[in-house]
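Reader: I would like to go through one protein model and ask how its labels are earned. Please set each value against the rule behind it.

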Amino acid sequence: MALKLEIAQEMLLAAVAVMPVERQPLAHCWQRVLAETVIADIDFPPFDRSPLDGYAVIATEVEQARPDAPVRLRQIENIAAGSVARESVRPGTACRIMTGAPIPPGATGVIRLEDTAVDGDIVSIMAGAGAAKNICRRGEEIATGEVILTAGTVINAGAMGMLAVLGKAEPLVYVRPRVALIATGSELIAVDEPLVPGKIRNSNSYMLSAQVQEAGAQARLLGVAGDDVDAIAELVEYAADCDVCITTGGASVGDYDLIGEVFKKLGVKVLFERVSIKPGMPVLAGVKENKLFIGLSGNPAAASISFEQLVRPVLLKMSGRTNWWRPCVKARLAAPFGKSTGAKRFVWARCWQGEAGLLAEPLSLQGNGMLKSAIAANALVVIPENSPPLPAGTEVEVILLVNG
Ligand SMILES: Nc1nc2c(c(=O)[nH]1)N[C@H]1C(S)=C(S)[C@@H](COP(=O)(O)OP(=O)(O)OC[C@H]3O[C@@H](n4cnc5c(N)ncnc54)[C@H](O)[C@@H]3O)O[C@H]1N2
Ligand code: MOO
């Protein structure tokens with residue numbers, strides 16, 4: 001009897017724990033999950049600074065300056081970004097200043113270079129209104145004590161930059177789960193081997209290594225084992241240093257479907273053997289000594305979809321992420337979906353914004369042994385259980401294949 005998807009998801013999530021933490025050099029932290037709350041210990045900007053190349057002035061002195069009535073000031077010094085002024089701006093003077101340099105004492109505004117005319121050490125201000133707005137104030141973006149990032153945040157480009165602003169050279173991040181990938185099947189050959197009759201290349205390990213990495217984990221490709229319990233068990237034991245071990249193939253009821261037997265031989269406690277989804281119905285899951293064992297179907301579409309639905313949320317939880325689910329939206333089918341379906345079905349689709357709302361078009365060639373439509377897919381259409389064929393225009397739930 002196949003288990004309901006939601007129950008299988010809950011069982012797997014309950015079976016795993018969040019990974020330990022480690023410090024990593026900031027340059028290696030992109031896409032890692034932060035394991036600490038980052039509180040600003042500085043204001044940013046740390047000083048009032050100029051957003052323009054121009055002249056720091058006393059704003060009220062130049063307010064009325066116009067091209068036909070310029071205000072003439074004496075330049076006292078020139079401050080580059082990285083330097084600080086030695087002198088104060090006093091009435092009748094201006095300080096040449098570059099973008100990013102600290103506003104000198106006494107100045108209350110900045111005039112951009114384009115609104116000035118310079119003759120020796122005399123600068124004529126040709127347009128002086130609004131000079132006070134041309135100062136970036138200390139702490140205008142970040143105030144000391146502010147919470148800037150929280151644990152569980154995926155470190156994106158913005159977070160990378162912000163951690164650098166705050167001097168976090170070695171942020172605390174979660175260790176990435178290690179995931180072993182083993183392909184089983186006597187028909188499988190390696191990607192660099194020539195095809196011979198009866199054989200196909202192992203594509204599942206490469207497809208899943210991408211899915212594993214997209215979920216923030218590390219993939220270890222352990223190669224192929226033929227349909228032999230001892231050979232498969234040996235490779236699974238090879239994965240001893242991994243947190244999750246995933247096999248593909250041999251998950252169904254055929255003469256050579258041996259994963260159940262392999263799990264039994266290795267003392268893996270089986271949680272379930274079939275989940276009520278299409279594709280991906282045959283999927284075994286088990287635990288042994290805090291390690292998770294997953295036996296996915298050999299069919300590429302089935303392996304990919306059951307990974308997406310069952311394994312991805314688990315890897316996100318282990319990685320320290322706080323949201324384990326993709327964003328889900330409603331859309332209308334842009335083309336009919338002609339199959340009636342018993343179990344809940346996931347269909348690779350393209351989703352886009354139409355004139356009257358979101359549209360989703362199921363991609364062609366969606367056999368459970370096929371993969372091509374996954375190349376163009378940006379979404380999965382969810383066909384509810386016990387659905388008749390669905391005409392174009394039917395409202396469906398769509399899972400967007402982006403991070404939530
Ligand atoms: N009598 C029944 N037969 C089948 C049933 C069923 O309920 N009763 N279910 C079918 C469905 S649906 C699926 S899904 C598959 C699941 O089979 P397995 O998980 O045991 O997988 P295999 O038989 O080993 O392989 C299936 C298919 O995939 C190809 N394959 C395997 N590994 C790879 C790989 N690493 N890279 C690329 N392709 C791979 C393999 O050659 C087979 O064509 O069972 C159905 N049968
Ligand atoms: O159950 Mo199979 O999983 O349709 O691909």
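Author: What follows is a set of questions and answers on a predicted model.

Reader: How do you know which parts of the chain make up each domain?

Author: The bounds come from an automatic or database domain assignment. Domain 1 consists of 5-19 + 176-318, and domain 2 of 25-44 + 150-174. Domain 3 covers 54-133, and domain 4 covers 328-400. From a record, UniProt, comes the feature "domain: MoaB/Mog" at residues 180-317, in an unreviewed entry. That span is 34% helix and 31% strand, and its end C-alpha atoms lie 17 Å apart.

Reader: What makes residues of domain 1 and domain 4 count as being in contact?

Author: Two residues are in contact if their C-beta atoms, placed from the backbone, lie within 7 Å. The centres of domain 1 and domain 4 are separated by 26 Å. The contact takes 15 residues from domain 1 and 12 residues from domain 4. On the side of domain 1, β17 (277-278) and α7 (300-318) are the elements that give two or more residues. Helix α7 gives the most, with six residues. By residue class, that side of domain 1 holds nine nonpolar, five polar and one charged.

Reader: Why are β14 and β16 called edge strands?

Author: The order of the six strands in this open sheet is β14-β11-β15-β19-β18-β16, with mixed pairing. β14 (218-225) and β16 (269-274) each have a single partner strand, so one side of each has no neighbour in the sheet. That places both at the edges. Neighbouring strands here are turned by 15 degrees against each other on average, direction ignored.

Reader: How do you know that β16 and β18 pair?

Author: Two strands pair if DSSP finds at least two bridges between them. β16 and β18 (residues 282-288) are joined by four bridges, so they satisfy the rule. The two strands run antiparallel. Lys 269 stands opposite Val 287 in β18.

Reader: Which helices lie on this sheet, and which strands do they touch?

Author: Helix α1 (residues 5-15) lies across β16, β18 and β19 (291-296), and runs at about 155 degrees to β16. Helix α5 (residues 229-238) touches β11 (178-184), β14 and β15 (244-248), and its direction makes about 160 degrees with that of β14.

Reader: What makes β6 and β7 the edge strands of the other six-stranded sheet?

Author: Its order is β6-β3-β5-β4-β8-β7, an open sheet with mixed pairing. β6 (109-112) and β7 (116-119) each pair on one side only. The twist averages 35 degrees from one strand to the next. β7 pairs with β8 (residues 122-125) in the antiparallel sense over four bridges. Asp 119 has Ile 122 of β8 as its bridge partner.

Reader: Why do β20 and β22 count as paired with two bridges?

Author: The rule asks for at least two bridges, so two bridges between β20 (residues 328-333) and β22 (residues 357-362) are enough. These strands run parallel, and Leu 333 has Ala 360 as its bridge partner in β22. β22 also pairs with β21 (residues 344-354), in the antiparallel sense over six bridges. A hairpin of two residues joins β21 to β22, and Gly 354 is bridged to Gly 357.

Reader: What makes a residue count as being around ligand 2?

Author: Its C-beta atom, placed from the backbone, must lie within 6 Å of the ligand. The residues around ligand 2 include Lys 278, Pro 279, Ser 297 and Asn 368. The shell divides into four nonpolar, four polar and one charged. Around ligand 1 there are 26 residues, of which Asn 204, Gly 249, Ser 252, Ser 297 and Gly 298 come nearest. That shell has 10 nonpolar, 14 polar and two charged residues.

Reader: Why are some backbone angles pointed out?

Author: Most peptide bonds are trans, and most residues other than glycine have a negative phi. The bond joining Phe 44 and Pro 45 is cis, with omega about -5 degrees. Pro 45 is in the loop between β2 (38-39) and β3 (54-57). The bond from Lys 278 to Pro 279 is also cis, with omega near -15 degrees, and Pro 279 lies in the loop between β17 and β18. Asn 290 has a positive phi, near 65 degrees, and is found in the loop between β18 and β19.

Key. Residues numbered from 1 in each chain as written. Chains lettered and ligands numbered in written order. Predicted model: local features only at pLDDT ≥ 70, side-chain atom pairs only at ≥ 80, totals over all residues. Nonpolar A, V, L, I, M, F, W, Y, C, P; charged D, E, K, R; others polar. Axes fitted to C-alpha atoms, helices over the stretch in contact; angles between N-to-C directions. UniProt positions renumbered as here; feature names shortened; annotations may be inferred.
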